[in-house]
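Visitor: I would like to learn how to read a few features of a protein model. Where do we begin?

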Amino acid sequence: MTTIAANKTSIACDLQFTHTGGIKFRGATKIVELTPEVAEKLFGCKKAIIGFCGNADIWGELVGWFNSPDNKPPRCKDIELLMLTDEGKIYHGTTLANWMEIKEPYFAIGSGMHLAIAAMAAGSDPKKAIQIASKHDPNTGMGVKTYKL
C-alpha cells in the first residue's frame, strides 16, 4: 500500500508503488497540488494538496479529473484520500463527495499509518514520520516527497 502523513503545515508521501504482480517500483509522487482555481471551485479554499493510498489506476483518473473537474468525477473504489488546505485543515475521504475534517493536529493513511501517527505524536514532522514508517512497514518506502503550505 503506502503511507501519507500530514500535519497543519505539510503533507508527505512515500514513493513506493506495488504492482498487482508483486513487483515494487519507485514512482514520482502520490500527492497532487490543486491549482488555486480548482481548489476554490471544489473546496472553497485557495490551496489544497491531496494524497492517496490504494488503487493507483483510480488515482490516475482522479489526477486527470482534478486538472479538469468539469466532467463527471471518477468513481472512487479501493482508494483513500488525505487533504491539507491552506487554512491548515486536514480532511479524510474515500469518495470525492464525503470529506471528514480531522480535528487532530496530524493524521496519516495507508499501511504505515499507525507508525506515522505514532512518530508525529512523538514530535516528528510528516517527512520524518514517513521515513520511520518506511523502516517498519514493508509496503512503505523508496523515498519521501513533501509538500508545504
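Guide: With burial: a residue counts as buried if its relative accessible area is under 20%, and as exposed if that area is over 50%. This is a predicted model, and in it both Trp-65 and Phe-66 are buried.

Visitor: How many aromatic pairs are there?

Guide: Two rings of Phe, Tyr or Trp pair if their centres lie within 6.5 Å, and planes under 30 degrees apart count as stacked. The count here comes to four aromatic pairs. One of them joins Phe-17 and Phe-25, whose ring centres are 5.6 Å apart with 15 degrees between the planes, so the pair is stacked. Trp-65 and Phe-66 make a tilted pair, 5.6 Å centre to centre and with 55 degrees between the planes.

Visitor: Is Phe-17 buried or exposed?

Guide: Phe-17 is buried, because its relative accessibility is 13%. Its partner Phe-25 has a relative accessible area of 39% and is therefore partly exposed.

Visitor: What lies over the face of Phe-17?

Guide: Lys-30 does, at 4.9 Å from the ring centre.

Visitor: How far from Glu-80 is the nearest side chain of opposite charge?

Guide: A salt bridge needs a side-chain nitrogen of Lys or Arg within 4 Å of a carboxyl oxygen of Asp or Glu. For Glu-80 the nearest candidate, Lys-30, is 12 Å away, and Glu-80 is buried without a salt bridge.

Visitor: Which side chain joins that of Glu-80 in a polar contact?

Guide: That of His-92, at 2.6 Å. Glu-80 lies in strand β7, residues 79-85, and among the residues that Glu-80 touches further along the sequence are Gly-93, Thr-94 and Ile-109.

Definitions and conventions: Residues are numbered from 1 along each chain as its sequence is written. This is a predicted model: local features need pLDDT of at least 70, side-chain atom pairs count only at pLDDT 80 or more; totals for chains, interfaces and linings use all residues. Side-chain values use heavy atoms; hydrogens and water are left out. Helices (H or I, at least four residues) and strands (E, at least two) are DSSP runs, numbered from the N terminus. Buried means under 20% relative accessible area, exposed over 50%, partly exposed in between (1.4 Å probe, protein chains only). Lys and Arg count as positive and Asp and Glu as negative; His and the chain ends are not counted. A polar contact is a pair of N or O atoms within 3.5 Å; within protein, one must be able to donate a hydrogen and the other to accept it, and residues adjacent in sequence count only if both atoms are side-chain atoms. Contact means heavy atoms within 4.5 Å. Rings of Phe, Tyr and Trp (its six-membered ring) pair if their centres lie within 6.5 Å; planes under 30 degrees apart count as stacked, over 60 as edge-to-face and the rest as tilted. A charge sits over a ring if NZ of Lys or CZ of Arg is within 6 Å of the ring centre and within 35 degrees of the ring normal. Lists of a residue's contacts leave out its neighbours within four places in sequence.
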